[in-house]
Amino acid sequence: MADDIEQLSLFGDEKNIDNDSKLKTEYLNLVETLNYHCERYYNQDEAEISDYEYDQLNLKLKKIEAEHPDWVTDNSPSRKVGWKAEKGIQVQHDVPMLSLQDVFSKEEVEEFVNKVREAYNNEVEFLVETKIDGLSMALRYENGKLTKAITRGDGQIGEDVTLNARKISDVKSELSFMPPEYLEIRGEVYMTREAFAKVNEEQELLGKKLFANPRNCAAGTLRQIDTRITQKRDLSLFIFNIQDVRGMDIKLHSEGYDFLKMNGIKVIEHSYKCSNFDEVWDKIVKIGDLRGELPYDIDGAVIKLNNLDYRNELGNTIKFPRWAVAYKYPPEEKETKLLDIELGVGRTGKVTPVAVFEPIRLCGTTVTRATLHNQAFIDELDIGVGDTLLVYKSGEIIPKIKSVNKNLRPESWVRYSIPDICPSCGQPLFKSEEEVDIRCINPNCPSTLVNHLINFVSRDAMDVKGFGEELIKALVDNGFINDVADIYYLKERRDELIEKKLLGLAKNTDKILDSIENTKSNHPSKLLAGLGIPNVGKATAKELIAHFGSVDAVINAGVDDLTAVGDIGLISANDIVSFFDNETNISICDRLRSAGVNFEAASQALDSSALADMTFCITGTLPSMGRNEATELIEKNGGKVVGSVSKKTMYLLAGENAGSKLTKANELGIKVISEDELLSMIQN
């Protein structure tokens, strides 16, 4: 799709288009491209392009449709609100949740304001508010009690997210001040930049995919099946509209805000009353200046009528209300000189080059650094120290480099290349043929050691009880641990540990040392999962040990041997081989083996082979079994349990609140069974 975007970016720039057939083909391609990105944005929470890039494509679409209205298809993004809800339980909206018409210039704002003023003899009042970059949600209250929370979906039908909404601290379960008979309010679920950073830190620590931005993270979190994840990720909510009310008379939007605030409901923080265009534009500029100071992302300013009767009179189009527009701020760009390129080593060993440049002001903040991602990005932009860079803020938040002004390039210029040596530990860096990223795979690298250890002792790996992050940091800082194998030799330094009180007093020290000792008999898949091999987590480790029988057999396996295992692809196979080609990693394994850590799976007799060659996925809350218990039962009877639904899945074991996995299983025609049916399959 990226190629499509580049190709389509030429739309509308050609002054003389005399080939309608060619233009219509381009138009249909543009519809397809925009729909693709809408689906990624709304249903998969994984936007591939920025809002600005999407807006530019959308403007080109609208221009063509204005010139050729007979070409407009029902599938055009211009005729849709949001995207059809495809996950969870679907709910019909009582009040359609429409989008806002975007405007991009001062002239368009003036046209909107003056048009509305003329309709009411200039006797109108506007509100100018921050447009939060999140996802819309409606809350329904009956007699003061929260009864339903619904995502926007396609504006007509949304997804029921009530259980997760109750985990958001800004969502009130009950209204205490003069609650009306019925109240429906609409707000924007978002994530502060601080909360977003914490989530991505944890994702990186666990070796999981990072979220691209707070909006994507908030959307994915609100749709989680496990409400504990929603609560942990600290979502926030601003209310920006009363959709419907019965048993109370509200005339002004601002009056509605006053009522909501009396009930402890958090409404939009920056909302300004204005009576004419000059005042409106002044507040738009004021909000724009706040962008760098706010703790959350905004993607524009909303201009809307305050009088609710006037709103009803103006009504809506098929997609937008006629009484409001959203002004989208243009990306701010400035040139600056590249002073240096620094290398950082992340928690997973990924080496990231960072541009250090002369300070510039963007969106209200001083910017001096921006990521250069990888060598491919550096080569594509042709960057070297001394270059003049054009820098902007993606989503008005994250500094990014757009281009290089080669006309200002110094004579001594040399294109930058990432060195072959890790800047943190001095060991050779590794790059697989399948990846663009360069990594340090030295488990002793200071930049990765603490987080590697945290993963090793975690529940999904060796599961060392009571051995938390603070203890690990203290042991590393005091030289007691330099790699994961050192954990099993701490008992030899018991007296020294007690003297320094690094694990507490004698009683607690012995308790932790005993806990470490107890993990030596763990199933070898837990050891394999804890070693920090790229793309080898808990599930993959179990599959490898089930196939090879021991860690040593995995160590000695070649690429062809590994790709013969279930879901192991070429990338994972190469990562495993490269990991065990490293002498340091082999040395650590030797020391773990010498310490008595179990490397070999004991042959376990199955209870039966009733589920042999059958693949199951589990979702929802089962009547009498937890998921771990159900997984163990299936595996003991010869079956295999996977974490997601695919065409290879034979059965979905579903309980209450099954969610998106049930929807996907039905789409793929996968048989859905209950707990009783599973037990019957085993017994028969």
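**View 1. Lys-431 is partly exposed, with a relative accessibility of 46%.** In this predicted model, Lys-431 lies in the loop that joins β16 (398-404) to β17. Setting aside neighbours within four places in sequence, the contacts of Lys-431 are Val-436, Asp-437 and Ile-438. A further residue to locate in this view is Lys-350, 81 residues apart from Lys-431 along the chain, with 9.9 Å separating the two C-alpha atoms.

**View 2. Arg-439 is placed in strand β17, which spans residues 438-439.** The relative accessible area of Arg-439 is 15%, under the 20% limit, and Arg-439 is therefore buried. When residues up to four places away in sequence are not counted, Arg-439 touches Thr-348, Gly-349, Lys-350 and Val-351, together with Leu-429 and Phe-430.

**View 3. Ser-236 belongs to strand β8, which covers residues 236-246.** Ser-236 is buried, because its relative accessible area of 9% falls under 20%. Residues up to four places away in sequence again being left out, Ser-236 is in contact with Ile-168, Asp-170, Glu-188, Val-189, Tyr-190, Thr-192 and Lys-266.

**View 4. Helices α13 (residues 449-457) and α14 (residues 469-477) cross at roughly 135°.** The axes of α13 and α14 come within 10 Å. The two helices count as oblique to each other, because a crossing angle of roughly 135° lies between the perpendicular range, 65 to 115 degrees, and the antiparallel range, over 145. The crossing of α13 past α14 is right-handed. On the α13 side, the residues that meet α14 are Leu-449, Val-450, Leu-453, Ile-454 and Val-457. On the α14 side, Glu-469, Ile-472, Lys-473 and Val-476 take part in the contact. Sorted by class, this contact comprises seven nonpolar residues, two charged residues and no polar residues.

**View 5. The structure contains zero disulfides.** Cys-445 is in no disulfide, and the nearest cysteine sulfur, which belongs to Cys-422, is 3.9 Å away. A disulfide requires the two cysteine sulfur atoms to lie within 2.5 Å, so the pair Cys-445 and Cys-422 does not qualify. Cys-445 has 0% relative accessibility and therefore counts as buried. Cys-217 likewise counts as buried, with a relative accessibility of 0%.

Notes. Residues numbered from 1 in each chain as written. Predicted model: local features only at pLDDT ≥ 70, side-chain atom pairs only at ≥ 80, totals over all residues. Heavy atoms only, no water. Buried < 20%, exposed > 50% of the residue type's maximum accessible area, 1.4 Å probe, protein only. Axes fitted to C-alpha atoms, helices over the stretch in contact; angles between N-to-C directions. Helix = DSSP H or I, 4+ residues; strand = E, 2+ residues; numbered from the N terminus. Parallel < 35°, antiparallel > 145°, perpendicular 65-115°, else oblique. Left-handed = near helix turned anticlockwise from the far one by under 90°. Contact = heavy atoms within 4.5 Å. Nonpolar A, V, L, I, M, F, W, Y, C, P; charged D, E, K, R; others polar.
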